[in-house]
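Open the model in your viewer and keep the sequence panel beside it. The stops below say what to select and what is there.

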Amino acid sequence: MPTPVYQRQIARSPRKTTHHSTDWRCTRCDKLLGVCRDGRMHLRFARGHEYFVSFPVTATCRGCKTLNQASAPAGR
Ligand SMILES: [Zn+2]
């Protein structure tokens with residue numbers, strides 16, 4: 001019997017060592033756009049909206065409106 005989808009999405013956040021988290025910043029004004037975690041980009045918007053998105057990622061800077069793109073997880 002296949003595991004119900006909802007059960008697999010409940011990630012029991014393992015509180016071990018934090019993985020590599022890399023800041024993704026605007027190429028123009030250096031404002032923080034998101035944070036790369038475990039091969040995905042964690043985007044955080046106003047009012048508590050948060051998203052995990054897969055690469056490639058595009059996002060408009062809140063500060064200078066520059067469209068930024070990240071095609072792969074940032075190097076370490
Ligand atoms: Zn910017």
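Start with the whole chain in cartoon view. This predicted model has one helix and six strands. Follow the chain along its sequence and the pattern reads α-β-β-β-β-β-β. The chain has 76 residues, and 7% of them count as buried. Take contacts between residues at least 6 apart in sequence: 35% of these join residues at least 24 apart.

Now colour by confidence. The chain averages a pLDDT of 81, and 72% of the residues score at least 70. Where is confidence lowest, and where is it highest? Select helix α1, residues 5-9, for the lowest mean, 57. Then select strand β6, residues 67-70, for the highest, 96.

**The sheet**

Next, select β1 to β4. They form an open sheet in the order β1-β2-β3-β4, with antiparallel pairing. Strand β1 (21-25) and strand β4 are the edges, each pairing on one side only. On average, neighbouring strands of this sheet are turned by 25° against each other, direction ignored.

Zoom in on β2, residues 32-37, and β3, residues 40-44. The two run antiparallel and are joined by four bridges. Which residue of β3 is the bridge partner of R37? Pick R40. Two residues lie between the strands of this hairpin, and D38 takes a positive phi near 50° there.

Move across to β4, residues 50-53. Four bridges also join β3 to β4, again in an antiparallel run. Select H42, then its bridge partner in β4, F52. Select R44 too; E50 of β4 stands opposite. The hairpin of β3 and β4 has five residues between its strands. Among the residues of this hairpin is R47, with a positive phi near 60°.

**Inside β3**

Select M41, which lies in strand β3. Is M41 buried or exposed? M41 has 22 other C-beta atoms within 10 Å, and the threshold for burial is 20 or more, so M41 is buried.

Show the surroundings of M41. Setting aside neighbours within four places in sequence, M41 is in contact with W24, G34, C36, V53, F55, V57 and A70. Draw a distance from the C-alpha atom of M41 to that of P56. The viewer should give 9.1 Å, for two residues 15 apart along the chain.

**A cis bond**

Stay with P56 and turn on the backbone. P56 sits in the loop between β4 and β5 (57-60). The peptide bond leading from F55 to P56 is cis, with omega near 0°. F55, on the other side of that bond, is one of the contacts of M41.

**Two loops with positive phi**

Go to the loop between β1 and β2 and select D30. Phi of D30 is near 70°, a positive value in a residue other than glycine. Is D30 buried or exposed? D30 counts as exposed because 12 other C-beta atoms lie within 10 Å, and the limit is 12 or fewer.

Last, select K65. This residue is found in the loop between β5 and β6. K65 is not a glycine, yet has a positive phi of about 65°. K65 is exposed as well, with 10 other C-beta atoms within 10 Å.

To finish, show M41, D30 and K65 together. M41 is buried, whereas D30 is exposed and K65 is exposed. M41 belongs to strand β3, while D30 lies in the β1-β2 loop and K65 in the β5-β6 loop.

Technical notes
Residues are numbered from 1 along each chain as its sequence is written. This is a predicted model: local features need pLDDT of at least 70, side-chain atom pairs count only at pLDDT 80 or more; totals for chains, interfaces and linings use all residues. Two residues are in contact if their C-beta atoms, placed from the backbone, lie within 7 Å. Two strands pair if DSSP finds at least two bridges between them. Axes are lines fitted to C-alpha atoms, for helices over the stretch in contact, and angles run from 0 to 180 degrees between N-to-C directions. pLDDT is the predictor's confidence in each residue, from 0 to 100.
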